[in-house]
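Reader: I would like to understand how the labels used for a protein model follow from their definitions. Could you take me through them one at a time?

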Amino acid sequence: MSCCNPCGSKGIMFAGQVLHGHGYPHKAPTANISHGGKLKPGIYHGCAFKVGDESDESDTCLGRCLVWSTPNTVIAEVYIAEFDGDLYGEVIRCRALQRVDRDMMREGYDLFLATM
């Protein structure tokens, strides 16, 4: 599991219950979570936590995450790095979310292609 401490505390935060999605077998597994309109369409990176009690300190770190928010929906898809488990019905908090810009995306694609 990835350490979440490097994410820091600044950025966007939202929490919600993990909902069932379409379960497409051709894509990486994601947790579908309602962001309640807190995210503009785009891609974000940050850290994902399983919610404990009402304080952030009791949350359990799940790992670093990428979050996709598409237009005309309040459901975000959350990919949690190196996580393998069932989160359906759990409440997940995504914290310290920062927007991924085009240059960051290009660097990520180049890095991925260089390792193939």
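Reader: Why is K50 called partly exposed?

Author: K50 has a relative accessibility of 31%, and the label depends on set limits, since buried means under 20% relative accessible area, exposed means over 50%, and partly exposed is what lies in between (with a 1.4 Å probe and protein chains only). The value of K50 therefore makes this residue partly exposed. E90, at 29% relative accessibility, counts as partly exposed too. This is a predicted model, in which local features need pLDDT of at least 70 and side-chain atom pairs count only at pLDDT 80 or more, while totals for chains, interfaces and linings use all residues. Residues are numbered from 1 along each chain as its sequence is written, and side-chain values use heavy atoms, with hydrogens and water left out.

Reader: What makes the contact of E90 and K50 a salt bridge?

Author: A salt bridge is defined as a side-chain nitrogen of Lys or Arg within 4 Å of a carboxyl oxygen of Asp or Glu. For the side chains of E90 and K50 the distance from N to O is 3.8 Å, so the pair meets the definition. E90 lies in the loop between strand 5 and strand 6 (91-99), whereas K50 belongs to strand 3 (residues 42-50), so the salt bridge ties together parts that are 40 residues apart in sequence. Strands here are DSSP runs of E with at least two residues, helices are runs of H or I with at least four, and both are numbered from the N terminus.

Reader: How many salt bridges are there in the whole structure, and where are the partners D59 and R93?

Author: The search finds four. In one of them the closest N and O atoms of D59 and R93 are 2.6 Å apart. D59 sits in the loop between strand 3 and strand 4 and R93 in strand 6, 34 residues apart. Both D59 and R93 are buried, and together with R95 they are linked in a network of salt bridges.

Reader: How do you know that strand 3 and strand 6 pair?

Author: Two strands pair if DSSP finds at least two bridges between them. Strand 3 and strand 6 have six bridges in the antiparallel sense, so the requirement is met. One residue of this pairing is K50 again, whose bridge partner in strand 6 is I92. The antiparallel pairing belongs to a closed barrel of six strands, in the order 1-2-5-4-3-6.

Reader: Which residues make up the covered and the uncovered face of strand 5?

Author: The covered face of strand 5 (residues 75-80) holds A76, V78 and I80, and the uncovered face holds I75, E77 and Y79. In a regular strand the side chains alternate between the two faces of the sheet. A76 stands opposite I33, and I80 stands opposite C65.

Reader: How do you know that the span of helix 1 agrees with its number of residues?

Author: The expected span is 1.5 Å times one less than the number of residues. The 13 residues of helix 1 should therefore span 18 Å, and the end C-alpha atoms are 18 Å apart, which agrees. Helix 1 is hardly covered, as the count of buried residues among its 13 residues is zero.

Reader: What separates R106 and D103 in helix 1?

Author: R106 and D103 are three residues apart in helix 1 (residues 102-114), so about one helical turn separates them. They form a salt bridge whose closest N and O atoms are 3.3 Å apart.
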